[in-house]
Amino acid sequence: AKDAGRGCFAYFSEDLTLAARERIALESRLRRAIEQQELRVFYQPQVDIASGRIVGAEALVRWEDPVEGLIPPIRFIPVAEETGLILAVGEWVLRETCRQGRQWLDEGLPPITLAVNVSPHQFRRSDICGLVATVVAETGFPSNQLEMEITESGLMANQDNAADILNCLRGQGIRLAIDDFGTGYSSLAYLKHFPLDLLKIDKSFIDDIPDLQDDMEIAATIIAMGHILGFKVLAEGVETPEQLAFLQEKGCDMYQGYFKSRPVPAAEFAGLLRGQSGY
Ligand code: C2E
Ligand code: CA
Ligand code: CA
Ligand code: CA
């Protein structure tokens with residue numbers, strides 16, 4: 001069997017597991033979806049806790065399949081990450097978000113920060129700094145309103161180049177956030193070497209507030225230490241008034257979560273922004 005298989009691809013592909021075949025099928029469907037413009041960006045408000053106002057939004061990708069309807073990122077981002085297709089997805093999301101952000105400014109909406117996710121693969125394997133420079137120049141979206149979210153684990157997986165990449169982005173005036181903070185075994189002491197603006201406390205630490213004393217202490221500690229290091233702190237996944245009250249008491253700067261709004265299509269987000277008193 002070993003000899004028969006040597007150099008023979010078909011032999012091995014018959015052996016592919018169902019899961020592997022499904023992954024390959026999904027990859028080619030996703031490739032086509034990008035070409036057919038089936039990806040969408042939804043926007044979730046980021047709220048300043050002191051004023052209650054929307055000061056930013058996170059751009060979150062969805063796939064609008066003509067048959068299946070809206071497919072959430074959990075169903076295709078992991079495969080895209082494994083196959084490298086995430087580079088095309090990530091570039092599309094960045095360009096679309098900057099285009100939309102420029103359009104909102106041109107329509108007279110108040111300036112807000114737009115945050116785009118950078119996958120670990122994108123952070124490690126592509127010239128993300130060069131791409132951002134190109135897209136900002138192409139779209140005319142102000143770089144100081146663009147934030148790149150790098151996961152804590154993505155940062156840890158690329159310790160050799162992380163500082164160079166972050167400094168390059170910072171050099172263009174891009175804001176930098178650490179996503180899913182608390183899940184990736186880094187320490188705040190390690191993060192202080194990077195030019196970061198924002199720590200996003202992972203939703204898992206917020207979910208069980210106010211029931212779990214441990215989680216409350218962890219969240220409070222991240223907020224306090226983040227501030228000592230000069231970072232703003234945002235809590236993810238805030239769903240209840242109790243959670244928000246706790247975060248406010250601990251001096252957390254911003255939050256994101258269903259308590260304010262789920263991620264919504266661009267037009268709906270623009271409505272939320274227009275509806276804020278004072279504009
Ligand atoms: P993430 O970057 O941590 O994004 C936050 C996720 O938490 C979003 O899920 C959001 O809808 C959800 N969320 C926000 N507030 C709440 C809440 O109060 N309760 C609950 N239960 N969930 C909340 P979503 O949009 O399904 O995205 C899941 C993940 O997919 C993201 O996690 C991110 O890792 C990835 N992702 C989404 N868009 C992109 C993208 O454009 N590029 C990359 N590389 N990854 C993306
Ligand atoms: Ca994120
Ligand atoms: Ca997150
Ligand atoms: Ca939990």
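In the predicted model, Pro-210 lies in the loop that runs between strand S7 (198-201) and helix H11 (213-228). The peptide bond leading into this proline from Ile-209 adopts the cis form, its omega being near 5°.

Backbone geometry also calls for comment at two residues that are not glycines yet have a positive phi, namely Gln-37, with a value of about 60°, and Asp-180, with a value of about 55°. Gln-37 belongs to the loop between helix H3 (18-35) and strand S1 (39-48), and the residue is classed as exposed because its relative accessible area is 53%, where the exposed class begins over 50%. Asp-180, by contrast, is part of a regular element, strand S6, which spans residues 175-181. With a relative accessible area of 24%, Asp-180 is partly exposed.

Asp-180 is also one of the residues that bind a metal, since the protein donors of the calcium ion (ligand 3) comprise OD atoms of Asp-179 and Asp-180 together with two OE entries from Glu-236. These donors are placed 2.2 to 2.6 Å from the calcium ion (ligand 3), and along the chain their spacing reads D-D-x55-E. A further calcium ion (ligand 2) is found 3.9 Å from the calcium ion (ligand 3), and the two ions are both coordinated by Asp-179. Asp-179 has a relative accessibility of 5% and therefore counts as buried, the limit for that class being under 20%. The two aspartates that contribute to the site of ligand 3 thus carry separate labels, Asp-179 being buried and Asp-180 partly exposed.

Turning to the interior, the largest nonpolar core is made up of 80 residues, and the members with the most contacts inside this core are Leu-146, Met-148 and Leu-191. Helix H5, covering residues 86-106, is the element that gives the most to the core, supplying seven residues. In soluble globular proteins, nonpolar side chains tend to be buried together.

The surroundings of Leu-191 can be described in more detail. When neighbours within four places in sequence are set aside, Leu-191 is in contact with Leu-155, Ile-178, Phe-181, Ser-186, Leu-196, Leu-199 and Phe-231. Among these partners, Ile-178 and Phe-181 fall within the range of strand S6 (residues 175-181), the strand in which Asp-180 is found. Another partner, Leu-199, falls within strand S7 (198-201), which precedes the loop holding Pro-210.

Methods:
Residues are numbered from 1 along each chain as its sequence is written. Chains are lettered from A and ligands numbered from 1 in the order in which they are written. This is a predicted model: local features need pLDDT of at least 70, side-chain atom pairs count only at pLDDT 80 or more; totals for chains, interfaces and linings use all residues. Side-chain values use heavy atoms; hydrogens and water are left out. Donors are N, O and S atoms within 2.8 Å of the metal (3.2 Å for Na, K and Ca); water is not among the atoms, so sites may look incomplete. Buried means under 20% relative accessible area, exposed over 50%, partly exposed in between (1.4 Å probe, protein chains only). A nonpolar core is a set of buried Ala, Val, Leu, Ile, Met, Phe, Trp, Tyr and Cys residues joined through side-chain atoms within 4.5 Å. Helices (H or I, at least four residues) and strands (E, at least two) are DSSP runs, numbered from the N terminus. Contact means heavy atoms within 4.5 Å.
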